[in-house]
Amino acid sequence: MNPTLLTTEVPGQARCPYLVVRDPEAVREVLHRPEDFSPANALLAVTPLTGPALRVLQRVRFALPPVLASNDTDTHAGIRKIVAGFFSPAKVSAMEPRIRELAQEAAAKAAEELARSGETDLVQTVAAFPPAVVMLELLGLPVKDLEDIKRWGVDSMELFWGWPSPEQQLQLAKSAAEFYVWLRQLVTDSLNAPGRNLFKSLATHGLSVPEMCSLGYFLLIAGQETTTQLVSTALFRLLEGSDVVEGTGRLDGSRSWKDAASPDGSRSVISHVLATESSVPTWRRVAALDTKLGDDLVPAGAEILLELSGNLITADAASPVRPPRKTTGQPSKASALVFGSGVHRCLGAKLAELEAAIIVQEAAEALPGITLRDTDPDWIRFLSFQAPRTVTVARGQP
Ligand code: HEM
């Protein structure tokens, strides 16, 4: 098998539509050659949308013109600078006490629910809401409709990165349309609101309302749901047990629930989970022209899937039925690439790491002695996103 590119063909399965790049050096090279390997396919639906789903989106004039993650033109740098201003290192550091306050409130809510009913789902009580509140506050946007934002985020991830059936697509498209209509209203309201906010800054930079909706659509999902998913996986792996289990992502004994209650312990868990099974394990590019990667010819239009975390990509990358994937439990050499690299590198990397470590730490401190009630939960397994959907725990021994 060619070491740089991997195209997989499995008897009885569709051929993987992507050129898969796993070697960290080659992944880095692709990310650093945006003229050759464009991000234009970043937000394309993995499963082509059916007529009925498209009509639902068209009715609300849903459109995702390239502005940030999928923008391969020279307007990208200026727009990125505006967005980056809301997540500067100084702004993120200044947010730390607020993140801790939200994490403590969430952990206390989980403790209350445990005391009241004997169990709680840590995805809902601990992981879901703090990242969404932090993101909205940093962007100068109203903190409202959080339950809807969470639901819209996961639905849109499935619509664009999953393998929904035509019936599921229709439901997901309705959710995406609802989100888009809400977003357009948010943009309009924000332009007339007092104080500084993301959309005012983008309008001053010259972006149109559809462009601002496109940016908001990506950012309001990427800026919080990915962190929720990282926290969910970290909580699950910590509570799954502290033994090393061959062929799984389980954490070793040095990363126990008890150790996670310290700042160093929680940071170490987050680094480990990012390296082994990040919430964004892959990302896409498309060859803009006939080009080469190492010794390999890559034809114009070839869709490329980059492995950013773990050693997860197998033939099932093409499969509509995604079996649970196993990680080696060993940090991948690519761990420096988990937030991408180059001109499109994630603008929320520091924020996400900080939030995730604080949320895990506060939960571990507030909830000693809890055990996992459901050891085999359903997982989100989309092309570029993954996490357990629930982390249900109980007090004491199972
Ligand atoms: C665990 C959480 C997160 C992970 C794993 C993650 C991962 C990624 C990855 C892999 C990319 C693509 C990079 C590339 O194309 O080179 C990306 C882009 C991006 N991320 Fe994140 N992200 C996370 C959280 C966040 C947060 C909290 C924010 C909010 C500030 C954010 C904002 C963005 C933006 C704006 C881009 C597009 C940047 C551009 O195209 O210039 N992400 N992220």
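**Entry 1: strand β5**

Which residues point one way from β5, and which the other way? I started here, bearing in mind that this is a predicted model. I found Thr282, Arg284 and Val286 on one side of β5, with Trp283, Arg285 and Ala287 pointing the other way. Both sets are buried, and the count for the strand agrees: 6 of the 6 residues of β5 are buried.

Next I looked up the partners of β5, which spans residues 282-287. Strand β3 (residues 37-38) is joined to β5 by 2 bridges, and the two run antiparallel. I noted one pair there: phenylalanine 37 has alanine 287 of β5 as its bridge partner. On β8, I counted 5 bridges to β5, again with an antiparallel run. Two pairs went into my notes: arginine 284 stands opposite leucine 305 of β8, and tryptophan 283 has leucine 306 of β8 as its bridge partner.

**Entry 2: strand β8**

I then followed β8 itself, residues 303-307. How many of its residues are buried? I got 4 of 5, so I wrote β8 down as mostly covered. Besides β5, I checked strand β2 (residues 19-21), which is joined to β8 by 3 bridges and runs parallel to β8. Here leucine 19 has isoleucine 304 of β8 as its bridge partner.

**Entry 3: two helix pairs**

I moved on to the helices. How do α9 and α10 pack? Helix α9 (residues 166-191) meets helix α10 (residues 198-205) at an angle of about 80°, and their axes lie 8 Å apart. I therefore noted the two as roughly perpendicular. On the α9 side the contact uses Val187, Ser190 and Leu191, and on the α10 side Phe199, Lys200 and Ala203. I sorted these contact residues into 4 nonpolar, 1 polar and 1 charged.

My second pair was α12 (residues 225-240) with α13 (residues 263-277). Their angle is about 105° and their axes are 10 Å apart, which makes α12 roughly perpendicular to α13. From α12 I listed Leu230, Thr233, Ala234, Arg237 and Leu238; they meet Val269, Ile270, Val273, Leu274 and Glu277 of α13. The residues of this contact divide into 7 nonpolar, 1 polar and 2 charged.

**Entry 4: alanine 132**

I picked one residue to look at by itself: alanine 132, in helix α7 (residues 129-139). Is alanine 132 buried or exposed? I have it as buried, because 23 C-beta neighbours lie inside 10 Å, and the cut-off is 20 or more. Setting aside neighbours within four places in sequence, I found alanine 132 in contact with Leu146, Ile149, Lys150 and Gln224. For leucine 146 I also noted the spacing: 14 residues from alanine 132 in sequence, and 7.2 Å in space from C-alpha to C-alpha.

**Entry 5: around the ligand**

Last, I looked up the ligand. How many residues surround it? I have 30, and the closest are Gly223, Gly340, Cys346, Gly348 and Ala352. The elements that give two or more residues to this shell are α3 (76-84), α11 (209-222), α12 and α14 (349-366). Helix α12 gives the largest share, 3 residues. So α12 comes up twice in my notebook, here in the shell and earlier in its packing with α13. By type, I divided the shell into 18 nonpolar, 10 polar and 2 charged residues.

Methods:
Residues numbered from 1 in each chain as written. Predicted model: local features only at pLDDT ≥ 70, side-chain atom pairs only at ≥ 80, totals over all residues. Axes fitted to C-alpha atoms, helices over the stretch in contact; angles between N-to-C directions. Parallel < 35°, antiparallel > 145°, perpendicular 65-115°, else oblique. Contact = placed C-beta atoms within 7 Å. Nonpolar A, V, L, I, M, F, W, Y, C, P; charged D, E, K, R; others polar. Buried ≥ 20, exposed ≤ 12 C-beta atoms within 10 Å, placed from the backbone. Pairing = 2+ DSSP bridges. Near = placed C-beta within 6 Å.
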